[in-house]
Every structure is written in C-alpha cells, then in structure tokens.
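Today I opened the notebook to look at a ligand and what surrounds it. Here is the structure I had on screen.

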Amino acid sequence: MTGRKECGIAIVGCGTVGGATASYLVQHADRLAERYKTRLVLRQVVDVNWDHARKLGLPESLLTKDIDAVLRRDDIQIVAELIGGTTIAKAVVEKALSAGKNVVTANKALLAKHGAELWALARKNNVTIAFEASCAGAIPIIAVLTEELSCDNIEAMYGIVNGTCNYILSAMTQHGQSYADALKLAQQAGLAEADPTLDVAGGDSAHKLAILASLAFGGRIDFGRIYVEGIDKLQLQDIQYGQELGYVIKLLAIARRQEEGLSLRVHPSFISTRHPLAWVSGPFNAISVYAENSGHTMYYGRGAGGAPTSAAVIGDMAAVALGTAQRKFEELSIFPDVAPPARQVDIGSVCGRYYLRMQLEDKPGMLASIATILGRRDISISSVLQREPADESSLGVPVVITTHPAREADIHAALEEVNRMDSVKAPCVCIRILEEHPERTV
Ligand code: HSE
C-alpha cells in the first residue's frame, strides 16, 4: 500500500523467543496490518547460525550475520535483542541505541544489572527500551506498573516469576518427587536449561524482581543487595511436613515497603493453601500486587516459552510503533536512569514467621533447651511436631517447630546457637512462612 507508515524491525538472536517472534510476525503480518495504521515489517533476522531460522522456514532474504549493516539501515526503527546474557547482548543493545534504534528486549539479567546506564543511553539518543518480555513472559505486568498502577501507592508485590522453579516445586509437592527427579522432569519438558543454576538458585527471579520493584516503587535498585536463596537445597521431607501443617512451598520474589525502607528478597516460602498464590502450579507465573487505592490485584499467565514470551515482545513492538512506549519513557520518572536510589533494607530486619526443622538427639530436656534459646531472643513457638522415631538414626529425630512473627536477625542468631549444640545432629532447616498481605484500601 503506498503512503502507508511502516515500522521496520530487526530481530537479533533467533533462538526460542527470537524464532517464535520472527515466525509470528511473518505469519500474521496482514492481520497485524489491519489493527495498526503503522505496519510492523520484519526486515532482518540476525544470528551467527541459521539452523533454527531455516527449520522455522523463515525467508532466506531476512537472514543476515551482519549486525552493523542492519544498524546502518534507515528503514529499521526497532532492534529486538533476543540473545540473552550480559556480554554480547549488552554490546548489541548499546550499538543499537547509539545508532538511534528503539530496543525491544526480553533480557532481564541485562536490565537488572545495567538498566540505569542503558536507559540513560536510550534517553541521550531519543529512543526507548521496551522490556515487557523481560518479566513473567506473557503477563503484561510492566504495562500494569507503568500505566494503570503507576498512580497508586504500591505497598508490596509477591511474585512467582520463574516457571522452571514453580514446575519443580509443583512436581515435588503434588507427586512426591525428589528435587533431583523433578529437575530432570523440568529439563525433559524443555523448561530447565542444561545448566539450570540461574533458575534454581534464584538469580533469574532476582533479575525480574529488580526490574519490577524499580517500576513499582520508583527507585533505582541495587541488584547486589537483593537477598537471594534458591530452591536447590530444599528437601522433600520439609515440603511434606509443610503440607501437613497446611502450607504449600513457592519460590517467591518479594518487594515490600517497611518503615525503614524497601525489603527485596527471593526465597522459598511456605504459604497457606488458601493463599491466592497457592494454586499457581507448574510452569505458570503470577504476581500479586498490593496497593493503597486498588487493593489486591493479581496477574497470572505463562512466564516462559517461545510463544508466550514472543507475545510480550510483539506487544512491545506495537507499543513502539504506536509511540506509547516512547511517551511513557519520556513522561514517567520511575526509570532507573532518572529515579533516585531506593532505600533497601537487609534481610535481618524483616519480621515474619518461620518453619524450623531440627535433627535432635532423643533425650530428656532437648526441647526445653531449644525453647530456652528461642525464648531468649524473643522468638515465640507457635507449634511443635515430633513423631515416634521409626528407627535409631545417627541423624537424630526430626522436630519441626513453627514460630510466631520474629525478626530474621534473631532467628539467625538463635539457629547459630542451636547448631553449635552437640545433640543437634544436622544444621537446622529454616523456611520462611508468608502470611497473606493485609489488604488496606482507603
Ligand atoms: N527460565 C525462566 C523461567 C524464563 O523458567 O521462568 C526466562 O526468564
């Protein structure tokens, strides 16, 4: 059609997400053209290896290895960085921004660690970075935080933002699988990477938390100060004891305003089976947001995988073509290059309930000694669970204690003392119990 506005797109990285995005843009070009006055036109797909692109049947005319030639083209306005990682991807994004291209990215690690400098570079070049796909795949949580909820006073956010971990924990909880077996299942399902560390050790969730918290609270987040604990040390017996007590285990990314500042943490959490996040199973993600005016809102969907993530990437391309992404970037003062540093508090100041499992020698006075150590630090016991020992074990008998709300620093100090006792046969297991956030609407 002559005279029709076009927005030219280059995709850099033709892996799972890049390939799904390119295929969708090619296959649905006409339907998308009916929706938008500006036509989204995929002009190039850049990769060093074309095997995947060819398997998908992408036109050969789109494929190139020459990123610099792509960046010189005047008919390309959007560069979608879908490589992942923080080395080559960072160089590509910097080059693209410097060449005056808008960037669309799914790269949470890059934005969590280098967001402030990249957004500053975008601002200097009068372009933007759109990043809906970086957090929770198809769930439009970035749009929510930068549009509808941007005027509300957000108090807390609780997210299940890693599908691999949620899949593993669901398999352990629902099918009694060990961690190792559940991880293998996740790998067979194509969810977990061959090296799953970034997912299972909590790093991926922390990247997403840094991005979401910066937008929700309008502050620049120091990624290194986020407390991170993964699911890779969890034992099936603790998940099962938790179930007996009415809890289900989830890896939660938590951002919460407290009096002294912002508490940001990723760790396994026991939540009540009645908690709204409890039924989020398998590879699904969900984010609960508590704000002063809107109360509790919750967002649910597929957080990983080619098609769901490409949905967010293409949505961002449309937002750039429509100009809304640029407008938000210009008008909102919450992006990390312009926002003030957030006041982040340490995990020690967090107050909450705890699940503790201790392996104790079965002899008189043990429970009394433990209760004394806890009591000295103002830690009040809420329940105690001990079974008749099935057999003589050198590891002692498991005693499971839940506490009333206590300060994390006090719990740590008490457990250090407990672990030093000769009659304590293995280091105590400590899992945080999360109560549902009180909804406070005005
Ligand atoms: N590996 C992530 C997950 C998706 O399992 O949720 C990309 O961040």
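I began with T164: a polar side-chain atom of T164 lies 2.6 Å from an oxygen atom of the ligand, and I count N or O pairs within 3.5 Å as polar contacts. The protein buries 84% of the 260 Å² that the ligand exposes when taken alone, by Shrake-Rupley with a 1.4 Å probe.

A note on the source: this is a predicted model, where local features need pLDDT of at least 70, side-chain atom pairs count only at pLDDT 80 or more, and totals for chains, interfaces and linings use all residues. Residues are numbered from 1 along each chain as its sequence is written, and side-chain values use heavy atoms, with hydrogens and water left out.

Next I looked up two further side chains. An N or O atom of the K108 side chain is 2.9 Å from a ligand oxygen, and for D204 the value is 3.0 Å.

Then I listed the shell, taking residues with a heavy atom within 4 Å of the ligand. I found K108, N162, G163, T164, D199, D204, K208 and A304 there. Helix 8 (163–175) and helix 11 (203–217) each give at least two residues to this shell; helices are DSSP runs of H or I, at least four residues, numbered from the N terminus.

How values were computed. A polar contact is a pair of N or O atoms within 3.5 Å; within protein, one must be able to donate a hydrogen and the other to accept it, and residues adjacent in sequence count only if both atoms are side-chain atoms.
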